[in-house]
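Grab a pencil and open the viewer. Here are a few exercises to work through, each with a solution to check yourself against.

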Amino acid sequence: MKFESPNDALLALSEKLRPVATESLDSSHQGRVLAGSVTADRDSPAADVSAMDGYAIRMTQVDQATTLPILGESAAGSPAPEMPSDGVLRIFTGAIVPQGCDAVIKREDTEELGSEIRLKLDPTEISKGQHIRRAGENAKKGSTVLQPGIEINGAHKATMANFGCATVDVSRPVRVTILTTGDEVGNFQQEAPMPWQLRNSNREAIATLLTAHNWISIVSVEHCIDDQKQLHDTLTDRLKNSDAILMTGGVSMGDYDYVPDVIKGLGGDIVFHGLPIRPGKPVLGAATKNGKLLLGLPGNPVSATIGCQRLGIPLLATMAGRNNWLPKVPVVQLKDGGQKSIPLTWLRLVKLVDNGVAKPVITQGSGDLVSLGNSDGFIEVPPGETGEGPWPFHAW
């Protein structure tokens, strides 16, 4: 199949992937994907409460010409006192509004005279229910307050705590194997490799991108030389305990690019092999018969890193049960971008120079790790387009 955009390819492949199972957790929800709804165990607010510091008053007492005695107070964290018929109550933000109170007058709208107040407002400026938050106006008991598919953050945790939700169902983390390939790639640390050898930057880049998400679990990191049998055996073994395998290298048209044939030999359904993008055009996306992901990224480090961010992480997100899993990213204006356009979707390295403004990073190609390291992410420019944008910006 031919696809016009990265998202078209993602949608097609996502239909063949199986979501992971769910589990119940009573702690450590942060960053996990909610698998069930959270419902309100009581009204929110649980009772009528004051939205301001001020005075609880009856509408029959609204009169600028007279003073009103202060006959008590309602404070947050305490039951409401009885509402007097011949005076007002001092009331604080969040305090329960007593039965019989018609409105709350802000403190700054009164003249405070010791044990009495006089209203500064014209009576026509005061309405019933003024500055009162009604019980259930945020949510009624039994209503859904959080939908499945969200990645739980601090704001969600606050909502959960408010409604006494300690145990929730979440998606199990997506178990991922990272598999780099190539005879030229080695596990070199301090010692310098020979000129024909490379340190394994793809492994580091992809592992770092994946571990930023608490709904991903890296279960194995492997490397294969350019040997078809070793690649076949490694994939066969790692698929036993992985939901997805992200590979780098071996997907182009060279004599040692075995990934496509090995995936076919394993019964994988190749949805795309080659997309109209730069960098990363040779990328391969496939699914096994039982819905596991096989994503083959090009071996060049810029292509591999961009491909993991733009294609790999969204595909893992849909397996994790994320709703709105296609990338939703901010846009930036491109400064000093020139007028060059290409007939492909251009995933162009940029560096942020101001809020909402980026400049291109000068690069020597898909193997330029210096340009990659000096970028803040990449913009996505549609085929044949040029100019300042705004363009979608994918941050690392």
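**Exercise 1.** In which sense do S18 and S20 pair, and over how many bridges?

*Solution.* This is a predicted model, so treat what follows as a reading of that prediction. Start with S20, which covers residues 284-287. Follow its pairing with S18: the two strands are antiparallel, with four bridges between them. For one of those partners, pick Ile270; across from it in S20 sits Ala286.

**Exercise 2.** Now zoom out: what is the strand order of the open sheet, and which strands are at its edges?

*Solution.* Step one, walk across the six strands: S16-S13-S17-S21-S20-S18, with mixed pairing. Step two, look for strands that pair on one side only: those are S16 (216-224) and S18. Step three, check the twist, which averages 15° from one strand to the next.

**Exercise 3.** Which strands do H4 and H6 touch or lie across?

*Solution.* Take H4 (residues 228-238) and you'll find it lying across S13, S16, S17 and S21, at about 160° to S16. H6 packs on the sheet too, touching S13, S16, S17 and S21, and its direction makes about 170° with that of S21.

**Exercise 4.** What span should H6 have, and what is the distance between its end C-alpha atoms?

*Solution.* H6 has 19 residues, and at 1.5 Å a residue they should span 27 Å. The end C-alpha atoms are 25 Å apart, which agrees with that. Next, look along the helix for a bend: there's one of about 40° at Cys308. Then step past the end of H6 to Gly321, where phi is positive, near 85°.

**Exercise 5.** Is H6 mostly covered or mostly exposed, and how many residues does it give to the largest nonpolar core?

*Solution.* Begin with burial, using under 20% relative accessible area as the cut-off: 19 of the 19 residues of H6 are buried. Nonpolar side chains tend to be buried together in soluble globular proteins. Now turn to the largest core, which has 46 residues; among those with the most contacts inside it are Leu210, Phe272 and Leu316. Elements giving two or more residues to this core include helix H1 (6-14), helix H3 (201-211) and strand S23 (345-354). H6 gives the most, with ten residues.

**Exercise 6.** Which residues, beyond four places in sequence, does Phe272 contact?

*Solution.* The list is Phe3, Ala9, Leu13, Val283, Leu284, Gly285 and Leu295. Leu284 also turns up in a second, separate core of 15 residues, along with Cys224, Leu235 and Val262.

How values were computed
Residues numbered from 1 in each chain as written. Predicted model: local features only at pLDDT ≥ 70, side-chain atom pairs only at ≥ 80, totals over all residues. Heavy atoms only, no water. Core = buried A, V, L, I, M, F, W, Y, C linked by side-chain atoms within 4.5 Å. Buried < 20%, exposed > 50% of the residue type's maximum accessible area, 1.4 Å probe, protein only. Contact = heavy atoms within 4.5 Å. Expected span 1.5 Å × (residues − 1). Bend = angle between axes of the 7 residues up to and from the residue. Pairing = 2+ DSSP bridges. Axes fitted to C-alpha atoms, helices over the stretch in contact; angles between N-to-C directions.
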